2 protein chains.
Amino acid sequence: MNEIKLFSPATVANVSCGFDVLGFCLDSVGDEMVIRKTSNKGIKIIKIEGYDLPYEVNKNVAGVSAMAMYKAANPDFGFEIEIYKKIKPGSGVGSSSASAAGSVYGMNVLLGSPYSPLELTAFAIKGEAVASQSEHADNIAPAIYGGFTLVKSLDPLEILQIPTPEDLFAVVIHPQIEIKTSDARKILPKDIPLKNAITQWSNVGSLIHGLHTNDYELISRSLVDVVVEPFRSQLIPGFESIKKAALEHGALSTGISGSGPSVFSLCKSQKTAIKVEKAVRQAYAKYTIPFDIYVSKINMEGIKKLN
Amino acid sequence: MNEIKLFSPATVANVSCGFDVLGFCLDSVGDEMVIRKTSNKGIKIIKIEGYDLPYEVNKNVAGVSAMAMYKAANPDFGFEIEIYKKIKPGSGVGSSSASAAGSVYGMNVLLGSPYSPLELTAFAIKGEAVASQSEHADNIAPAIYGGFTLVKSLDPLEILQIPTPEDLFAVVIHPQIEIKTSDARKILPKDIPLKNAITQWSNVGSLIHGLHTNDYELISRSLVDVVVEPFRSQLIPGFESIKKAALEHGALSTGISGSGPSVFSLCKSQKTAIKVEKAVRQAYAKYTIPFDIYVSKINMEGIKKLN
């Protein structure tokens with residue numbers, strides 16, 4: 001095989017109580033990428049459509065992750081990369097992670113799959129770091145593994161694949177505002193009350209138990225964020241209206257996707273998700289902020305081959 | 001049935017990363033209690049052996065929990081309670097919880113089992129509060145449910161039974177020193193770094209996943225406490241020596257039981273537990289503090305009927 005076309009999905013990180021460690025994979029939105037072997041050695045980005053991103057390999061997240069793997073594999077040929085960017089950068093659903101994970105996933109297939117998902121994650125983190133100035137795996141991991149993932153630790157890198165109930169759907173609204181990552185970080189306190197931390201780890205433990213036992217009600221009761229959401233939700237106009245509309249129409253939970261501005265709601269069944277999508281759309285219409293909104297099944301596979 | 005004799009086990013609360021929410025049930029040590037129906041109405045404690053504890057129903061944890069249930073059930077007969085106290089009060093393995101849970105468990109059987117484990121837990125918490133001045137369920141729940149439990153929340157009360165691997169054993173050492181609950185509380189900071197809180201909830205999530213998947217190595221890597229142990233271990237002379245000896249001889253993890261002074265080590269297999277017990281015993285011999293030490297299987301049933 002000399003060429004692979006793939007779909008690299010958007011992802012939701014943090015997931016309420018799971019700040020910095022949890023993530024899940026979406027299905028409706030993702031970048032498309034083509035990776036092709038070339039006789040010339042090295043990595044080249046030959047096409048970027050959708051958004052204006054750098055072609056220089058060392059400035060492009062997909063390029064940096066690709067180079068990390070390329071140096072490790074050291075093959076006697078090269079790769080060229082085409083990126084059809086569908087996930088808007090800065091929307092809070094893992095845009096850079098999708099590109100960073102996609103390039104190494106595709107190269108790995110063309111190399112005969114020498115690398116494990118954990119190794120792919122490690123390469124992709126290097127790319128992600130270009131965009132976020134620090135190493136994170138909470139969007140990369142669900143893009144590569146699919147379903148729900150928990151980043152147990154970054155050093156050494158350890159990713160847990162958490163069983164994900166079949167009938168789980170997400171509604172994601174993306175208000176078209178810009179939240180600077182630096183602002184999203186600055187707004188968080190360095191120290192938090194021990195009392196709140198206990199509530200949060202009780203919820204994380206309960207969520208993992210709920211995912212293992214397909215207990216949607218427990219998942220709902222556990223997806224509560226008493227630590228980060230009270231601060232970051234202030235950066236998203238209408239967050240409370242979105243949450244109220246979603247919960248009133250049957251969503252299990254609503255929270256900030258990544259560091260925002262996207263807001264996700266998890267729902268049991270596609271039918272409920274469609275209802276919630278409609279309710280959130282109506283609730284947000286009164287704000288003057290343009291927005292995208294979509295329903296997505298939880299993607300159990302992660303990145304998918306398209307050809 | 002007019003009389004029940006039962007074994008109400010010691011328990012380990014907190015369990016490293018799971019401060020205030022996790023607990024597990026022991027098998028080798030526990031109180032014995034006899035509960036008997038009487039034609040006179042009301043609750044009477046007629047015998048206490050082992051330790052010097054109050055006979056007044058409203059001052060005795062077993063009495064207070066018993067009264068809470070008695071008022072709710074309002075039967076036309078009474079109960080008398082005999083307590084053969086084997087768990088030393090203040091040792092950090094749920095002495096008061098064992099008594100508080102035992103009386104309501106026994107009464108429930110004699111009443112024809114009208115109450116659920118959750119309701120028994122709620123009654124027992126009322127007794128436990130007499131000893132600890134605040135309501136806690138992290139020792140009560142494992143005594144009643146057995147195995148590992150997670151207190152999802154106290155209000156409303158919600159207890160999760162976490163699957164527990166079959167081959168898990170605990171080694172518990174009880175250095176005979178007194179730690180005042182007030183000192184154990186005072187030494188904890190009100191606020192903790194967000195960074196540490198994230199590590200802790202990642203570990204709680206990973207532990208629950210490890211318990212669900214029988215992954216002993218993951219359980220070991222997850223049973224780490226970066227929040228409470230650094231403070232409270234200072235109150236236990238020789239804590240680091242115990243931990244070092246246990247881990248060097250194959251223990252999965254070592255941590256403070258409850259608020260101490262007991263220290264538990266979890267081990268895969270009885271064989272390893274026996275080795276760890278010997279190593280910890282030797283390591284602690286150099287301290288001039290008398291101690292008890294024992295190996296216990298994790299008790300999967302909780303309180304047991306003896307007759």
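Visitor: How many bridges join strand 5 of chain B to strand 6 of chain B, and do the strands run parallel or antiparallel?

Guide: A word on the source first: this is a predicted model. Strand 5 (residues 148-154) and strand 6 (residues 157-162) of chain B are joined by six bridges and run antiparallel. One bridge pairs B:Leu154 of strand 5 with B:Leu157 of strand 6.

Visitor: What joins strand 5 of chain B to strand 6 of chain B?

Guide: A hairpin makes the connection, through two residues.

Visitor: Which way do side chains point in a regular strand?

Guide: They alternate between the two faces of the sheet. For a sheet in this model, take the open one of four strands in chain B, with antiparallel pairing.

Visitor: What is the order of the strands in that open sheet of chain B, and which are the edge strands?

Guide: The order is 9-10-7-11. Strand 9 (253-256) and strand 11 (291-297) of chain B are the edges, since each pairs on one side only. From one strand to the next the twist averages 20 degrees. Strand 9 of chain B is held to strand 10 (residues 263-268) of chain B by four bridges, and the two run antiparallel. Within that pair, B:Gly255 has B:Phe264 in strand 10 as its bridge partner.

Visitor: Which strands does helix 9 of chain B touch?

Guide: Helix 9 (residues 239-248) of chain B packs on the sheet and touches strand 7 (168-175), strand 9 and strand 10 of chain B. The direction of helix 9 makes about 160 degrees with that of strand 9 of chain B.

Visitor: Which strands does helix 10 of chain B lie across?

Guide: Helix 10 (residues 270-285) of chain B lies across strand 7, strand 10 and strand 11 of chain B. Relative to strand 7 of chain B, helix 10 runs at about 15 degrees.

Visitor: On to helix pairs. At what angle do the axes of helix 2 and helix 3 of chain A cross?

Guide: A helix pair can be read by distance, angle, handedness and contact residues. The axes of helix 2 (residues 95-110) and helix 3 (residues 117-132) of chain A come within 8 Å and cross at roughly 145 degrees. Helix 2 of chain A passes helix 3 of chain A in a right-handed crossing. On the helix 2 side the contact includes A:Ala100, A:Val104 and A:Tyr105, and on the helix 3 side A:Leu120, A:Phe123 and A:Ala124 are among the residues met. By class, this contact has eight nonpolar, five polar and one charged residues.

Visitor: How far apart are the axes of helix 1 and helix 3 of chain A?

Guide: The axes of helix 1 (residues 61-73) and helix 3 of chain A are 7 Å apart, and the helices pack at an angle of about 145 degrees. Their crossing is right-handed. Helix 1 of chain A contributes residues including A:Val61, A:Val64 and A:Met69, while helix 3 of chain A contributes A:Lys126, A:Val130 and A:Ala131, among others. The contact divides into nine nonpolar, two polar and two charged residues.

Visitor: Which domains does the assignment give for chain A?

Guide: The assignment gives domain 1 (3-162) and domain 2 (168-297). Their C-alpha centres lie 24 Å apart. In the contact between them, 21 residues of domain 1 of chain A meet 32 residues of domain 2 of chain A. Strand 1 (3-13) and strand 2 (22-38) of chain A each give two or more residues to the domain 1 side. Strand 2 of chain A gives the most, four residues. That side has ten nonpolar, ten polar and one charged residues.

Visitor: What rotation superposes chain A on chain B?

Guide: A rotation of 180 degrees, with 0.0 Å of shift along its axis, superposes them at an RMSD of 0.0 Å. That is the relation of a two-fold axis.

Visitor: How many residues of chain A are in contact with chain B?

Guide: There are 26 residues of chain A in contact with 27 residues of chain B. Helix 6 of chain A supplies the largest share of the chain A side, twelve residues. By class, that side has 16 nonpolar, six polar and four charged residues. Of the interface residues of chain A, 100% are also interface residues in chain B, so the copies meet through the same surface.

Visitor: What is the bridge partner of A:Ile192 in strand 8 of chain B?

Guide: The partner is B:Ile192. Strand 8 of chain A and strand 8 (residues 191-193) of chain B run antiparallel and are joined by three bridges.

Conventions
Residues numbered from 1 in each chain as written. Chains lettered and ligands numbered in written order. Predicted model: local features only at pLDDT ≥ 70, side-chain atom pairs only at ≥ 80, totals over all residues. Axes fitted to C-alpha atoms, helices over the stretch in contact; angles between N-to-C directions. Left-handed = near helix turned anticlockwise from the far one by under 90°. Contact = placed C-beta atoms within 7 Å. Nonpolar A, V, L, I, M, F, W, Y, C, P; charged D, E, K, R; others polar. Least-squares fit on C-alpha atoms with pLDDT ≥ 70 in both. Pairing = 2+ DSSP bridges. Domains from an automatic or database assignment.
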